[in-house]
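Hello,

I am passing a structure over to you. Please open it first, then read my notes below.

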Amino acid sequence: METISEYFNSIIFPHLGIFLKHVGDHISIGSFEIRFYGIIIMCGFILAYFLVTNEAKRTGQDPEMYLDFILILIIPVILGARIYYILFRLDQYIVAGNVKETILGMLNIRGGGLAIYGGVIAGIITGCIFAKKRKVNVLRLADTAAFGLLIGQILGRWGNFFNREAFGGYTDGLFAMQLPLSAVRNSDVTQELLDHVVKVDGISYIQVYPTFLFESLWNLVLLICLILFTKHKKFDGEVFLLYLAGYGIGR
């Protein structure tokens, strides 16, 4: 007999006939939890390294410089993504009369909450400083780094899948995704979603667009297009500009 706790981890695509019964959001080592989101982000950095260094070799740049760049990027990008996320949700973090709890809530990155635009902004600032220190062409650096950015975004959206977040509004279309209401943050549930709650074996589910999937696929297509285009670019910075335009349109 199924239990409510088992349904808490389920994700359903009703019109595709897909029922994922046990989709957790972390692994445990003893009493310590490691979030899949964090694992996915680190896998993104590793794959980005291989893709970026390969592009660096092709264009006659020093691939080892990009290893240094990626290692330097990790902390600023995560901080930028966190700060950006908090700035647009201050009401969720500020605890009136309790500065300590407010600060701890903001620092609790393991509780979720990263915004990709903040990461990109922090990455651009870090890249400009890095290029100046290393005395390299910042636009060529940006062109090469764009491939790594897209890898991170392609994989990062699957962290949203495991966290049950970054989904769209209500839909009953082909790709509708059902999530247990109890597994989703209250702040992510709109009145429209509550008005269309569905019951599956007595469990309440919201039914949403899987926007994480749409964006991940869009970024994959954009990455392929940029890889095909890069050999034909006419000036440094062109690939990065196309990345910004393509990603912006997709968003």
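Here is what I found, element by element. Please keep in mind that this is a predicted model.

Helix H2

Helix H2 takes in residues 36-58. At 1.5 Å a residue, its 23 residues should span 33 Å. The end C-alpha atoms are 33 Å apart, so the expected span and the model agree. Which residues of H2 are buried? They are Tyr-37, Ile-40, Gly-44, Phe-45, Ala-48, Val-52, Thr-53, Glu-55 and Ala-56. Their cover includes strand E4 (32-35), H3 and H7. After H2 comes Gly-60, with a positive phi near 75°.

Helix H6

Helix H6 takes in residues 116-134. With 19 residues at 1.5 Å each, a span of 27 Å is expected. The end C-alpha atoms lie 26 Å apart, which agrees. The buried residues of H6 include four glycines by name: Gly-118, Gly-119, Gly-123 and Gly-127. Also buried in H6 are Val-120, Ala-122, Thr-126, Phe-130 and Ala-131. What covers them? Helix H3 (63-87), helix H7 (138-163) and helix H10 (238-250) are among the elements that do. Lys-135 follows H6, and its phi is positive, near 55°.

Strand E7 and its partners

Strand E7 covers residues 203-208. Five of its six residues are buried, so the rest of the structure largely encloses E7. E5 and E7 run antiparallel and are joined by four bridges. One pairing there is Leu-179 with Ile-206 of E7. Strand E6 (residues 198-200) also runs antiparallel to E7, through three bridges. In that pair, Val-200 has Ile-203 as its bridge partner. E6 and E7 make a hairpin, with two residues between them. Asp-201 sits in the turn and has a positive phi of about 50°.

The cavity

How many cavities of 30 Å³ or more are there? The count comes to one. Its volume is about 40 Å³. The lining consists of Asn-160, Phe-161, Arg-164, Glu-165, Phe-167, Met-177, Leu-179 and Phe-212. H7 and strand E5 (177-180) each give two or more residues to that lining. By class, the lining has five nonpolar residues, one polar and two charged. Leu-179 is worth finding on screen: this residue lines the cavity and is also the bridge partner of Ile-206 in E7.

Best wishes

Terms used. Residues numbered from 1 in each chain as written. Predicted model: local features only at pLDDT ≥ 70, side-chain atom pairs only at ≥ 80, totals over all residues. Heavy atoms only, no water. Expected span 1.5 Å × (residues − 1). Buried < 20%, exposed > 50% of the residue type's maximum accessible area, 1.4 Å probe, protein only. Contact = heavy atoms within 4.5 Å. 1 Å grid on protein atoms, 1.4 Å probe; cavity = no way out; pocket = protein on both sides within 12 Å on 5 of 7 lines; lining within 4 Å. Points joined across faces, edges and corners; volume = space filled by probe spheres on them. Nonpolar A, V, L, I, M, F, W, Y, C, P; charged D, E, K, R; others polar. Pairing = 2+ DSSP bridges.
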